[in-house]
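Trainee: I have a new structure to look at. Can you walk me through it?

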Amino acid sequence: YTIKKAEFMLCAAWSSQWPDESLPEFLLAGRSNVGKSSFINTITDVNGLAKVSATPGKTRTLNFFNVNDELRLVDVPGYGYAKVPDRIQQQFGEMFETYCTERKNFKAMCLLVDYRHPPKDDDITMYEYAKYYHIPVIVVATKEDKLKRNDLVKNEKRIKEDLGFDENDYFIRFSSLKKKGVDEVWNTILKLCD
Ligand code: GTP
Ligand code: MG
């Protein structure tokens with residue numbers, strides 16, 4: 001898939017700020033620090049499109065990125081950090097639920113998990129949440145470059161077991177550092193577009 005254009009559109013704290021429903025959208029969810037921003041930069045081949053941070057994000061907005069005027073990536077702030085006030089957290093939770101249940105052009109969730117470790121409770125909850133709403137999931141196992149060869153199969157098995165992985169979903173081994181998995185990500189996204 002050739003990237004002709006990839007740009008940040010807007011961040012929305014409220015559903016009224018969402019762009020129109022004309023293009024297929026893919027949610028990117030995952031714990032803080034799992035590599036979501038790096039993932040966006042790597043698959044779009046635009047350095048710094050999404051900020052890569054060493055400190056966990058504190059924002060609670062949905063961040064929309066336009067790719068080729070053909071589809072959108074929607075970054076969900078990393079979960080697993082409770083550094084935002086309850087009121088903001090609750091407001092965001094409501095918007096997230098509205099998005100997942102009502103957004104007509106929502107095609108699939110990319111759930112990023114750290115390939116090195118078993119999924120955390122938050123990851124499992126997010127996967128179960130998606131399955132409850134019949135949302136297709138692309139599990140992206142990040143930081144593949146940090147694994148020993150022997151652990152690739154073992155960790156994939158463990159992650160799938162812990163998530164209760166549905167074999168109709170997708171599992172992609174990914175590394176931003178090695179730019180591994182990029183074609184597979186795009187092939188899967190394009191397949192889920194129609
Ligand atoms: P928040 O926005 O804070 O939720 O984090 P994030 O999920 O966007 O993670 P981010 O992309 O900022 O990456 C977090 C850290 O992991 C950074 O230090 C990255 O350089 C590192 N990182 C991300 N992807 C990879 C990867 O594929 N391999 C390796 N080795 N490091 C990575
Ligand atoms: Mg980020």
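Mentor: We start with the overall layout and then go to single residues. Keep in mind that this is a predicted model.

Trainee: How many helices and strands does the chain have?

Mentor: Five helices and seven strands. Read along the sequence, they follow the pattern β-β-α-β-β-α-β-α-β-α-β-α.

Trainee: What are the spans of the C-alpha trace along its principal axes?

Mentor: About 50 × 40 × 35 Å. The radius of gyration is 16 Å, which agrees with the value near 16 Å for a compact globule of 194 residues.

Trainee: And what share of the residues counts as buried?

Mentor: Of the 194 residues, 50%. As for contacts between residues at least 6 apart in sequence, 77% of them join residues at least 24 apart.

Trainee: Now the sheet. In what order do the strands come?

Mentor: The order is 1-3-4-2-5-6-7, in an open sheet with mixed pairing. Strand 1 (6-12) and strand 7 (170-173) are the edge strands, each pairing on one side only. From one strand to the next, the twist averages 25°.

Trainee: In which sense do strand 5 and strand 6 pair?

Mentor: In the parallel sense, over six bridges. Within that region, Leu111 stands opposite Val139 of strand 6.

Trainee: Which strands does helix 3 lie across?

Mentor: Strand 2, strand 5 and strand 6, and helix 3 runs at about 160° to strand 5. Helix 5 (residues 182-193) lies across strand 2, strand 3, strand 4 (71-75), strand 5, strand 6 and strand 7. Its angle to strand 7 is about 160°.

Trainee: What about the inside? How many residues are in the largest nonpolar core?

Mentor: It has 33 residues, and those with the most contacts inside it are Leu27, Leu62, Phe96, Tyr99, Met109, Leu111 and Val139. Elements that each supply at least two residues to this core include strand 2 (25-30), strand 5 (106-114), helix 3 (121-132) and strand 6 (137-142). Helix 2 gives the most, with five residues. There is also a second, separate core of 26 residues, which includes Ala108, Phe174, Val182 and Trp186.

Trainee: Any general background for that?

Mentor: In soluble globular proteins, nonpolar side chains tend to be buried together.

Trainee: Val139 came up twice. Which residues does Val139 touch?

Mentor: Leaving out residues up to four places away in sequence, Val139 touches Leu111, Val113, Tyr127, Leu163, Phe165, Tyr170, Phe171 and Ile172.

Trainee: Back to the helices. Is Thr188 buried or exposed?

Mentor: Thr188 is buried, with a relative accessible area of 7%. This residue is in helix 5. With residues up to four places away in sequence left out, Thr188 touches Ile138, Tyr170 and Ile172.

Trainee: Why is helix 1 described as largely enclosed by the rest of the structure?

Mentor: Because eight of its nine residues are buried. Among the buried residues of helix 1 are Phe39, Ile40 and Ile43, as well as Lys36 and Asn41.

Trainee: What comes just after helix 1?

Mentor: Asp45, which takes a positive phi of about 60°. In the loop between helix 1 (36-44) and strand 3 you also find Asn47. Asn47 counts as exposed, at 78% relative accessibility. Its C-alpha atom is 9.9 Å from that of Ser37, 10 residues away along the chain.

Trainee: Is a positive phi worth a remark?

Mentor: Most residues other than glycine have a negative phi. Lys143 has a positive phi of about 65° although it is not a glycine. Lys179 has a positive phi too, of about 55°.

Trainee: Where are Lys143 and Lys179?

Mentor: Lys143 is in the loop between strand 6 and helix 4, and Lys179 lies in the loop between strand 7 and helix 5. Lys143 is partly exposed at 22% relative accessible area, whereas Lys179 is exposed at 52%.

Trainee: Last one. Where is Asp151?

Mentor: In helix 4 (residues 151-163). Asp151 is buried, with a relative accessible area of 18%, and its side chain makes a polar contact of 3.2 Å with that of Lys154. The C-alpha atoms of Asp151 and Arg116 are 8.3 Å apart, with the two residues 35 apart along the chain.

Key: Residues are numbered from 1 along each chain as its sequence is written. Chains are lettered from A and ligands numbered from 1 in the order in which they are written. This is a predicted model: local features need pLDDT of at least 70, side-chain atom pairs count only at pLDDT 80 or more; totals for chains, interfaces and linings use all residues. Side-chain values use heavy atoms; hydrogens and water are left out. Helices (H or I, at least four residues) and strands (E, at least two) are DSSP runs, numbered from the N terminus. Buried means under 20% relative accessible area, exposed over 50%, partly exposed in between (1.4 Å probe, protein chains only). A polar contact is a pair of N or O atoms within 3.5 Å; within protein, one must be able to donate a hydrogen and the other to accept it, and residues adjacent in sequence count only if both atoms are side-chain atoms. A nonpolar core is a set of buried Ala, Val, Leu, Ile, Met, Phe, Trp, Tyr and Cys residues joined through side-chain atoms within 4.5 Å. Contact means heavy atoms within 4.5 Å. Two strands pair if DSSP finds at least two bridges between them. Axes are lines fitted to C-alpha atoms, for helices over the stretch in contact, and angles run from 0 to 180 degrees between N-to-C directions. The radius of gyration is taken over C-alpha atoms; the globule rule is 2.2 Å times the number of residues to the power 0.38.
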